[in-house]
Amino acid sequence: MRDVRHTIGAMLDRAMHKGSHPFDVADWQASAVVIAPHPDDETLGCGGVASKKFSAGADVRFIFVTDGSASHSDRLDMEALRIARENEAIEAVCRLGGSADRVRFLRIPDGVAKHHVGEIADAIVQLLFAWQPQSVYVTHAKEPPADHVATNLGVRGALKLYGRRVTVFEYPVWYWYQWPWVRLHDDVHGFNRTAFRQTARTLAGLRGIRMFNSHAYIGDMIDVKCHALAAHRSQMERPAGLDDWPTLADVGGGDFLKRLLSDHEMFTRYEVYA
């Protein structure tokens, strides 16, 4: 059954690649702002693209919306976790090819971003006016986590206030948390319902064939992406003595992370006009 699931997932991936357009030279060179709901989403969803953009000489900046303090709040003080995750985010950006001065933290409380959509929009539009990017990368509108939905809404609101032409690339992260890319029965507590719901919403991934209209080959940057992801230690490693500390590698028995570290990153691309 596992082999059948993987085969179907591979078939869907091929169909999505075939039905979407690859990045061209202008896409790699365009200045960009990468907006992440939590520290690690930037690397998981478009770390390969960000790294290749840096290599092409593009100006790439990062906005982290929530403080990430709720990911393991039952095991670590939230303020300590916030500080750790911000430091991890800066290190990840540096490993992708950037620097600390390219990073901004909005510090919206983790888990309740839906109550701060207007605040998110106001903060982001100020940075858009300051940086004037040619492109904006944000988590996909079809992502299941509430903070991801709120981040997408906040960015859309900011772009309306900004009123200038921008190319938007919506990148999936938790979109992939569905059958066939992961199994429906997860060992990580509380995740099973999300997998069932996401699988039903996307018709087991079939909707992605039309939804994703752009893809970027990042196979030559996988090592860089993995190195950047490893900087997010709170999400990737178990602290000494905390054997029940969940990591990204635990999700979907490892298949979730495997999908996010494939040699292509997928996007829904569209233009926003003044």
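## Thr151, Lys225 and the cores of a predicted model

Leaving aside neighbours within four places in sequence, Thr151 is in contact with Ile35, Pro37, Val65, Val138 and Thr139. The model is a predicted one. Thr151 sits in helix α6, which covers residues 146-162. Its relative accessible area is 0%, and because the cut-off for a buried residue is under 20%, Thr151 counts as buried.

A second buried position is Lys225, located in helix α9 (residues 222-230). Residues up to four places away not being counted, Lys225 touches Thr43, Leu44, Gly48, Ile218, Leu260, Leu261 and Glu265. One of these contacts joins distant parts of the sequence: Thr43 and Lys225 are 182 residues apart along the chain, yet their C-alpha atoms are 6.6 Å apart in space.

The two helix positions are set out below.

| Residue | Helix | Relative accessible area |
|---|---|---|
| Thr151 | α6 (residues 146-162) | 0% |
| Lys225 | α9 (residues 222-230) | 1% |

Nonpolar side chains tend to be buried together in soluble globular proteins. In this model the largest nonpolar core has 48 residues. Those with the most contacts inside this core are Val49, Phe62, Tyr137, Phe256 and Phe267. Helix α3, residues 41-55, supplies the largest share of the core, with 5 residues. Apart from this core lies another, of 24 residues, including Val33, Ala113, Leu128 and Val272.

Which residues does Val49 touch, if those up to four places away in sequence are not counted? They are Phe23, Trp28, Tyr137, Ala216, Ile218, Glu265 and Phe267. Ile218 and Glu265 are also among the residues that Lys225 touches.

As a whole, the protein chain contains 11 helices and 8 strands. Of its 274 residues, 51% count as buried. Among contacts with a separation of 6 or more, 81% are between residues 24 or more positions apart. The radius of gyration is 18 Å; a compact globule of 274 residues would have one near 19 Å, so the chain agrees with that expectation. The C-alpha trace spans about 50 × 45 × 35 Å along its principal axes.

The accessible surface of the protein chain comes to about 12,000 Å², and carbon and sulfur atoms account for 54% of this area. The chain carries 32 positive and 34 negative charges, and the mean positions of these two sets are 7 Å apart.

Conventions
Residues are numbered from 1 along each chain as its sequence is written. This is a predicted model: local features need pLDDT of at least 70, side-chain atom pairs count only at pLDDT 80 or more; totals for chains, interfaces and linings use all residues. Side-chain values use heavy atoms; hydrogens and water are left out. Helices (H or I, at least four residues) and strands (E, at least two) are DSSP runs, numbered from the N terminus. The radius of gyration is taken over C-alpha atoms; the globule rule is 2.2 Å times the number of residues to the power 0.38. Buried means under 20% relative accessible area, exposed over 50%, partly exposed in between (1.4 Å probe, protein chains only). Contact means heavy atoms within 4.5 Å. Accessible areas come from the Shrake-Rupley method with a 1.4 Å probe; for residues, only the protein chains shown count as cover. Lys and Arg count as positive and Asp and Glu as negative; His and the chain ends are not counted. The place of a charge is taken as NZ of Lys, CZ of Arg, CG of Asp or CD of Glu. A nonpolar core is a set of buried Ala, Val, Leu, Ile, Met, Phe, Trp, Tyr and Cys residues joined through side-chain atoms within 4.5 Å.
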